[in-house]
Amino acid sequence: YRIYPKGVRPGEDHSVWLVKVYFEYDKLNFNEMVGDVRLARNVRKKMIYAVVTKDNEVLYYKVDRHNP
């Protein structure tokens, strides 16, 4: 999903975040995660993972590349 700042409509400005949704017990492939972060950086977005728990709560994780 692409998420826009509050009050901004698609086409008026660019989205700020890319969001992928997973359920709590889904397995996340590391290579897929690296690709997601690379894609987000290439299009100047922030990568967010939304994880839905068994209690239907949503936890958000911002993921970015680390440069030592």
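Here are three short exercises on the predicted model above, each with a worked solution. The model is predicted, so local features need pLDDT of at least 70 and side-chain atom pairs count only at pLDDT 80 or more, while totals for chains, interfaces and linings use all residues. Residues are numbered from 1 along each chain as its sequence is written, and side-chain values use heavy atoms, with hydrogens and water left out.

**Exercise 1. Work out the strand order of the sheet and find which strands stand at the edges.**

Step 1. Start with the elements: strands are DSSP runs of E with at least two residues, helices are runs of H or I with at least four, and both are numbered from the N terminus.

Step 2. Now the pairing, where two strands pair if DSSP finds at least two bridges between them. Strand 3 (residues 46–52) runs antiparallel to strand 4, with six bridges; Val52, for instance, has Val58 as its bridge partner in strand 4.

Step 3. Put together, the four strands make an open sheet in the order 1-2-3-4, with mixed pairing. Strand 1 and strand 4 (58–63) are at the edges with a single partner strand each, so one side of each has no neighbour in the sheet.

**Exercise 2. Which residues are linked with Lys20 in a network of salt bridges?**

Step 1. Set the cut-off: a side-chain nitrogen of Lys or Arg within 4 Å of a carboxyl oxygen of Asp or Glu.

Step 2. Check the pairs. Glu32 bridges to Lys20 with the closest N and O atoms 2.8 Å apart; that joins helix 1 to strand 2 (residues 17–23), twelve residues apart. Asp36 bridges to Lys20 too, at 3.2 Å, and this pair also links helix 1 with strand 2, 16 residues apart.

Step 3. So the network is Lys20, Glu32 and Asp36.

Step 4. Add accessibility (buried is under 20% relative accessible area, exposed over 50%, partly exposed in between, with a 1.4 Å probe and protein chains only). Asp36 is buried at 10%, Glu32 is partly exposed at 35%, and Lys20 is partly exposed at 27%.

**Exercise 3. Find the salt bridge that Arg41 makes, and say which parts of the chain the pair ties together.**

Step 1. The partner is Asp64, at 3.2 Å from N to O.

Step 2. Arg41 sits in helix 1 and Asp64 in the segment after strand 4, so the pair ties together parts 23 residues apart in sequence.

Step 3. Finish with accessibility: Arg41 is partly exposed at 38%, and Asp64 is partly exposed at 45%.
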